[in-house]
Amino acid sequence: MNTETDVIGAMHYILEKNNFPTSSSDEYNYYFKFGLTRLVAQTLPQAMQNNKSIAYYQQQLIDEISRNINLQARPYSGILELLDNLAAQNIPMAILSNNNHEYMAQIVDTYFSKNKFVAAFGTNANYPSKPNPQVALIIAKQMQLLPQEIILLGDSPTDMQTAHNANMLAIGAGWGFCDKNDLLNSGATKVIKHPKEVLNLFN
């Protein structure tokens, strides 16, 4: 799911609203790769880069994203067809996102409601963010599979680190916002160029 524009736009708005210096597009894009906490921590003024302030402004960011959900968020091309094909083959699927759990749940309901997921997790007080492997391992139990039997497909270095921390197979999604080298350097076993190539992993 391409949520980059919505999340970065909300972060820019939060900085402006609080009369903080804003960042360049390249800076926003770089920090976004590593999740919301890193995005907030690195774009706040240096004097505000402490755990209490980061938590406070991250909540502002989450609230702003939720108020304006799906302004520009869209599934990547080929994703819906991929999910249909996986479901037809009875391959269990789950979602693990570093977006806020409530925001992520709204996206799932909006775009993916007809697809059958074993689980769909975002982050909140009960679900630690990636690369912590805790929720990935919960998903493995719900799938009734060993972690090493699961492909973790993601488009960020954090996703690849999560896969390794959970002992899952790390596959990079080359259609996302990170380039191939970023994913390989973060531990991807392989980077695929288009969602349809995922099906080849099960042959």
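User: What makes Asn100 a residue to look at alongside β2?

Analyst: Asn100 stands opposite Thr123 in β2. Strands β1 (residues 94-100) and β2 pair in the parallel sense over four bridges, and two strands pair if DSSP finds at least two bridges between them. This is a predicted model, where local features need pLDDT of at least 70, side-chain atom pairs count only at pLDDT 80 or more, and totals for chains, interfaces and linings use all residues. Residues are numbered from 1 along each chain as its sequence is written, and side-chain values use heavy atoms, with hydrogens and water left out.

User: Why is strand β2 called largely enclosed?

Analyst: Buried means under 20% relative accessible area, exposed over 50%, and partly exposed in between (1.4 Å probe, protein chains only). Four of the five residues of β2 (residues 119-123) are buried, so the rest of the structure largely encloses this strand.

User: Why is helix α1 called oblique to α2?

Analyst: The axes of α1 (residues 4-17) and α2 (residues 25-32) come within 11 Å and cross at roughly 120°. That makes α1 oblique to α2, because angles under 35 degrees count as roughly parallel, over 145 as roughly antiparallel, 65 to 115 as roughly perpendicular and the rest as oblique.

User: Which residues of α1 and α2 meet?

Analyst: Glu4, Val7, Ile8, Met11, His12 and Leu15 in α1 meet Tyr28, Asn29 and Phe32 in α2, where contact means heavy atoms within 4.5 Å.

User: How do you know that β4 and β5 are joined?

Analyst: Three bridges join β4 (residues 169-173) to β5, and the two run parallel. Here Ala173 stands opposite Ile192 in β5.

Notes:
Axes fitted to C-alpha atoms, helices over the stretch in contact; angles between N-to-C directions.
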